[in-house]
Amino acid sequence: MKTITNILLIGIALLMISCQEKQQDPRIHLREEVRSDNVVDNIVTRPVAHAFSALIGEGIEITQAVTRRNEAGLLELHVNGFNRSYQTKKFYYRVEWLDENELLIQTKTSVWLRTSAMGKSSFSFKVVAPTQKAVNFRMDTKKWE
Amino acid sequence: METRILVIVTFFAVLTAGCAQETAYIDTMHDEGKPVMGLDYRDFDQAASQMVQSMLGSGALKKKDGSRYVMTTARIVNDTMQRIDTDQLMAKIEQELLNSGQVVMTSAVGGKGSPDKMIYEMRDIRDSAQSDEFKKDTIAAKGQLIAPELSISGKILQRNLRYSKNRQQVEYYFQLKITDLTTGLRFWQEETLIGKRGSNKSVAW
């Protein structure tokens with residue numbers, strides 16, 4: 001009976017700790033080893049989670065790509081994404097602009113640019129079209145060695 | 001004995017020829033080459049791209065009446081340890097600004113590389129006896145040049161730091177600003193940093 005009570009108490013304590021975790025403001029990201037540990041994320045489970053993430057090859061995910069015209073009439077591309085990996089992911093991206101006929105607009109701004117995202121973090125970047133003729137885009141990425 | 005020496009010499013000659021590095025074109029669109037400690041074309045491409053995007057994205061070049069600003073390139077200072085022709089950076093930026101349709105560049109005045117001497121040579125001809133050789137209506141009259149409204153100026157800086165016993169850190173800062181020549185007010189300003197870490201043995205100039 002005593003053992004069951006102890007297990008229940010520990011269970012409730014752990015539940016309370018994990019419940020506290022969820023109360024934080026979603027706009028604020030507290031990283032591992034900054035935030036408090038909990039049942040699923042602690043010094044014991046963390047290496048396992050990292051190894052599993054690497055094993056299944058988690059990486060960058062683009063969650064949103066929004067275009068809008070700015071005050072000068074130029075198309076802006078706002079890219080939002082999330083790095084599912086636990087490791088910082090460094091990569092290149094290149095945005096090419098297309099005109100109303102879906103033809104490529106030659107520009108010196110369409111070059112490979114570097115960016116990075118820390119593990120389990122969201123990231124954003126903005127690209128501006130060099131001319132008002134741009135109506136669409138295509139984006140490519142490659143690994144930053 | 002002579003034959004043996006000849007064979008050895010031939011062998012080394014063939015070996016050296018085989019080791020010679022072939023010259024190859026750089027695939028500038030998808031260059032997989034390793035970075036260098038100095039500034040190469042990729043750094044200029046990146047800096048120019050970021051600068052142009054910042055300029056156009058800021059809205060500073062949008063004229064209220066819908067017309068285009070007349071712009072000149074003033075002095076771009078090379079404060080690095082490298083021999084850099086700053087036109088390498090500005091040519092890309094000027095080209096993109098012209099293509100954007102928001103700005104027209106003037107070759108009448110400006111810093112190094114901006115003015116076109118022919119503008120003034122033609123005016124010297126107009127004011128000389130040689131002007132008789134030209135049709136009068138094809139020679140530029142006085143008061144035709146348009147003064148720039150905006151000026152773009154800047155600086156490229158380099159800082160070398162000791163990162164560890166065997167490694168160094170080199171920081172390159174590209175700074176540009178746009179000034180309204182009528183009021184002297186600064187419309188736009190941007191700094192792009194390109195940082196590199198590498199062996200102390202690499203030379204960054």
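Which residue of β6(A) stands opposite A:R94? That would be A:D140, and the strand pairing around these two is picked up in point 3. Some notes from going through the model, which is a predicted one.

1. Chain A, overall. Chain A carries 2 helices and 6 strands. Going from the N terminus, the elements come as α-α-β-β-β-β-β-β, with the helices written ahead of the strands. Buried residues account for 13% of its 145 residues. If you take contacts in chain A between residues at least 6 apart in sequence, 63% of them join residues at least 24 apart.

2. The open sheet in chain A. Three strands form an open sheet in the order β1-β2-β5, with antiparallel pairing. Its edges are β1 (60–69) and β5 (121–128), each of which pairs on one side only. From one strand to the next, the twist averages 15°. For the β1–β2 pairing in chain A, where β2 covers residues 75–83, the count is 9 bridges in the antiparallel sense. If you want one pair to click on, try A:I62, whose bridge partner in β2(A) is A:G81. As background, strands of a sheet pair through backbone hydrogen bonds, either parallel or antiparallel.

3. The pairings of β3(A). Strand β3 of chain A (89–98) pairs with β4(A) in the antiparallel sense, over 5 bridges. A:K90 has A:S116 as its bridge partner in β4(A). β3(A) also pairs with β6 (residues 136–143) of chain A, again antiparallel, over 8 bridges. This brings us back to the opening pair: A:R94 has A:D140 of β6(A) standing opposite.

4. Two positive phi values in chain A. Most residues other than glycine have a negative phi, and most peptide bonds are trans. Two non-glycine residues deserve a look here. A:E102 has a positive phi of about 65° and sits in the loop between β3 (89–98) and β4 (113–117) of chain A. A:E102 has 9 other C-beta atoms within 10 Å, so it counts as exposed, the limit being 12 or fewer. A:K120 also has a positive phi, of about 50°, and belongs to the loop between β4 and β5 of chain A. With 17 other C-beta atoms within 10 Å, A:K120 is partly exposed.

5. A contact across the sequence. A:H50 is part of helix α2 (residues 45–56) of chain A. Its partner to look at is A:Y86: the two are 36 residues apart in sequence, yet their C-alpha atoms are 6.1 Å apart in space. A:H50 has 15 C-beta neighbours inside 10 Å, so it falls in the partly exposed class.

6. Chain B, overall. Here we have 4 helices and 5 strands, arranged along the sequence as α-α-β-α-β-α-β-β-β. The radius of gyration of chain B is 25 Å, whereas the globule rule gives 17 Å for 205 residues, so the chain is more spread out than a compact globule. The C-alpha trace of chain B spans about 85 × 50 × 30 Å along its principal axes. Of the 205 residues in chain B, 20% are buried. Among contacts in chain B between residues at least 6 apart in sequence, 69% join residues at least 24 apart.

7. A helix pair in chain B. Two packed helices are described by the angle between their axes and the distance between the axes. For α2 (residues 41–58) and α3 (residues 87–100) of chain B, the axes come within 9 Å and cross at roughly 35°. The crossing of α2(B) and α3(B) is right-handed. On the α2(B) side the contact includes B:F44, B:M51 and B:L56, while α3(B) contributes residues including B:L89, B:I93 and B:L97. By class, the residues of this contact divide into 9 nonpolar, 2 polar and 2 charged.

8. Where the chains meet. How many residues does each chain put into the contact? Chain A gives 15 and chain B gives 18. The side of chain A that touches chain B has 7 nonpolar, 5 polar and 3 charged residues.

Key:
Residues numbered from 1 in each chain as written. Chains lettered and ligands numbered in written order. Predicted model: local features only at pLDDT ≥ 70, side-chain atom pairs only at ≥ 80, totals over all residues. Contact = placed C-beta atoms within 7 Å. Nonpolar A, V, L, I, M, F, W, Y, C, P; charged D, E, K, R; others polar. Rg over C-alpha atoms; globule rule 2.2 N^0.38 Å. Pairing = 2+ DSSP bridges. Axes fitted to C-alpha atoms, helices over the stretch in contact; angles between N-to-C directions. Left-handed = near helix turned anticlockwise from the far one by under 90°.
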